[in-house]
Amino acid sequence: MPTTIPIPIAFRLPDPVWQAVDPASLGVTNAAFLAVRREHVGDDYAPTITVSGDTRLDDATLEQIGDEAVEVLRAQAGDVELIKRRDYGSDQAPGLLQQLDCRITTEAGELDIRQLQALLEMRDVSGGGGRVVLKVVLSTT
């Protein structure tokens with residue numbers, strides 16, 4: 001079952017060639033939103049953008065949450081390598097960018113995939129101590 005994001009968000013796709021699709025229709029179970037580059041639909045691999053998010057009540061750093069995202073990819077793909085990682089954002093809205101390379105197996109054979117993952121933390125300003133961490137992922141060959 002696709003996930004949901006625990007807070008309302010709004011965003012727009014980069015341009016009209018990106019098409020929103022139901023994540024479940026492509027077997028994606030860990031994203032609340034999925035978009036595919038329309039001109040690649042039906043190819044061996046179509047670039048995708050996914051958006052997911054969770055409430056976090058723990059004290060894990062964004063780097064630790066980034067490590068968790070690497071492990072999720074490692075469970076789905078082979079030869080996962082963290083290429084680079086850097087902080088972005090501000091004290092009020094910190095973020096982490098990371099680039100990952102991996103290999104996946106499709107009906108057409110193995111493909112080299114690149115992922116850019118952007119993690120964004122939004123803290124509960126009411127004093128509850130919780131936070132939401134959004135993860136936006138661009139995957140392409």
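**Ile83**

I started with Ile83, which comes out as partly exposed, at a relative accessible area of 38%. That value sits between the 20% and 50% cut-offs, so I can call Ile83 neither buried nor exposed. This is a predicted model, so I keep in mind that I'm reading a prediction. Ile83 belongs to strand E4. What does Ile83 touch, leaving aside residues up to four places away in sequence? I found Gln99, Leu100 and Asp101. I also checked Ile83 against Gln115: they are 32 residues apart along the chain, and their C-alpha atoms are 9.8 Å apart.

**Asp79**

I stayed in E4, which covers residues 78-89, and looked at Asp79. Phi of Asp79 is near 50°, a positive value, and this residue is not a glycine. Buried or exposed? Asp79 is exposed, with 62% relative accessible area.

**The whole chain**

Next I stepped back. I count 1 helix and 7 strands in the chain. Reading from the N terminus, I get the order β-β-β-α-β-β-β-β.

How do the strands line up in the sheet? I wrote down E1-E2-E3-E7-E6-E5-E4, an open sheet with antiparallel pairing. E1 and E4 are at the edges with a single partner strand each, so each has one side without a neighbour in the sheet. From one strand to the next, the twist averages 20°. A reminder to myself: strands of a sheet pair through backbone hydrogen bonds.

**E1, E2 and E3**

I went through the pairings from the E1 edge. E1 (residues 18-21) runs antiparallel to E2, with 4 bridges between them. Trp18 has Arg37 of E2 as its bridge partner. E2 also pairs with E3 (residues 48-56), again antiparallel and over 4 bridges. For this pair I noted Leu34 opposite Thr50, and Ala35 opposite Ile49. In general, side chains of a regular strand alternate between the two faces of the sheet.

Why do I call E2 largely enclosed? Of its 5 residues (33-37), 4 are buried, so the rest of the structure largely encloses this strand.

**E5, E6 and E7**

Then I moved to the other strands. E5 (residues 94-106) and E6 (residues 109-123) are joined by 12 bridges and run antiparallel. The two form a hairpin, with 2 residues between them. Gln99, which I had already met as a contact of Ile83, stands opposite Leu116 in E6. E6 is also joined to E7 (residues 131-140), antiparallel, by 10 bridges. Here I noted Arg114 opposite Thr140.

**The helix**

Which strands does helix H1 lie across? My list reads E3, E4, E5, E6 and E7. H1 takes in residues 62-76 and runs at about 10° to E5.

**Size and surface**

Last, I looked up the overall numbers. The C-alpha trace spans about 50 × 30 × 25 Å along its principal axes. The radius of gyration is 16 Å, and a compact globule of 141 residues would have one near 14 Å, so the two agree. Buried residues make up 34% of the chain. The chain exposes about 8,500 Å², and carbon and sulfur atoms supply 52% of that. I also looked at contacts between residues at least 6 apart in sequence: 46% of them join residues at least 24 apart.

How values were computed
Residues numbered from 1 in each chain as written. Predicted model: local features only at pLDDT ≥ 70, side-chain atom pairs only at ≥ 80, totals over all residues. Heavy atoms only, no water. Buried < 20%, exposed > 50% of the residue type's maximum accessible area, 1.4 Å probe, protein only. Pairing = 2+ DSSP bridges. Contact = heavy atoms within 4.5 Å. Axes fitted to C-alpha atoms, helices over the stretch in contact; angles between N-to-C directions. Rg over C-alpha atoms; globule rule 2.2 N^0.38 Å. Areas by Shrake-Rupley, 256 points an atom, 1.4 Å probe, with all protein chains shown as cover.
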